[in-house]
Amino acid sequence: MSKVIFLSGAGLSAESGIRTFRDFGGLWHEYDVMDVCSVQGFKRNRQLVLDFYDARRADLADKEPNAAHKMIADLQKEFPDHIVNLTQNVDNLLEKAGCTEVIHLHGELTKIVCEQCGRITDIGYQSIKEHPQCVNCGCKKQRHFVVMFGEEAPHYRTLYQSLADAAMLIVIGTSGQVLPVDEYAKYVRYAVLNNLEPHPEIRTEDFNKVIYAKATEAAPQIAEIVRQFLGNR
Ligand code: NAD
């Protein structure tokens, strides 16, 4: 079957007003990433990390999907058996745009997880402070449901399985510092990269099409490429 993988990163949501980590003015200029996004940082100062994700979650409440999220949602409706929707983003804008079965490789901001029993609870945009106890086991050790540096990302297996099965890969808005997207381009017949600008981490030889533009501007072109590809399969 001709599967098309969408693999998105923080750049997809940038135009919705959610800051990327690595772009100029991104979150990592304000915080030391190892303080707020690593296992060591969490051990050092648990409260700082819980507060950081509380702030990110609250910030999400008024954010709306943009034309690039909607383009993916439209294609998913048009070709339900062919689109695989993988994202590094922890926001919920793909779902708000109408996407279903979004695979969040790095977790979801709107959820918390119990460190004792593993129960995942959807708390929407609320503070974790409003959920002092796990609804399943009653313990008081819950945390953000976001993968930190030093932890295993549970869905990477799904990512590689999807790549093995895919004919096309569309990468949108990732600097390639966490995931080697240029390696993934080798798995497929046709690969597209959309970022704002070139990155030293991303070799572009194995991409058939490279679009350096805002995701909302690239969206119509990407939709056309996918429709042509799936229409001619
Ligand atoms: P990144 O911040 O490292 O890179 C952002 C990329 O997006 C850059 O390549 C940049 O060129 C591109 N970009 C910026 N604005 C764009 C636009 N308007 N259109 C198209 N491309 C644009 O992001 P990353 O590679 O996703 O890795 C950072 C990690 O941080 C991820 O693991 C992710 O989980 C997390 N994160 C998530 C969010 C979110 O959920 N929205 C936000 C910040 C960070």
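This passage describes the nonpolar cores and the ligand surroundings of a predicted model.

The largest nonpolar core holds 30 residues, and those that touch the most other members are Val4, Phe6, Met71, Ile170, Ile172, Ile222 and Val226. Two or more residues of this core come from each of strand E1 (3-8), helix H5 (67-78), strand E7 (166-172) and helix H9 (215-231). Among these elements, H9 gives the most, with 9 residues. The surroundings of isoleucine 170 illustrate the packing: when its neighbours within four places in sequence are left aside, this residue is in contact with Val4, Ile5, Phe6 and Leu7, as well as with Val192, Ile222 and Val226. A second core, separate from the one just described, consists of 20 residues, including Ile5, Leu7, Val181 and Val188.

Attention then turns to the ligand, which has 27 residues around it, and of these Gln88, Thr174, Ser175, Glu197 and His199 come nearest. By class, this shell is made up of 8 nonpolar, 12 polar and 7 charged residues, and helix H1 (residues 10-14) gives the most to it, with 4 residues.

Several polar atoms of the protein lie close to oxygen atoms of the ligand. A polar side-chain atom of histidine 106 is placed 2.6 Å from a ligand oxygen, while for valine 90 a backbone N or O atom lies 2.7 Å from an oxygen atom of the ligand. In leucine 196, a polar backbone atom is 3.2 Å from an oxygen atom of the ligand. Of the 850 Å² of accessible area that the ligand has on its own, 95% is covered by the protein.

Terms used
Residues numbered from 1 in each chain as written. Predicted model: local features only at pLDDT ≥ 70, side-chain atom pairs only at ≥ 80, totals over all residues. Heavy atoms only, no water. Core = buried A, V, L, I, M, F, W, Y, C linked by side-chain atoms within 4.5 Å. Buried < 20%, exposed > 50% of the residue type's maximum accessible area, 1.4 Å probe, protein only. Contact = heavy atoms within 4.5 Å. Near = heavy atom within 4 Å. Polar contact = N/O pair within 3.5 Å; in protein donor to acceptor, adjacent residues only side chain to side chain. Areas by Shrake-Rupley, 256 points an atom, 1.4 Å probe, with all protein chains shown as cover. Nonpolar A, V, L, I, M, F, W, Y, C, P; charged D, E, K, R; others polar.
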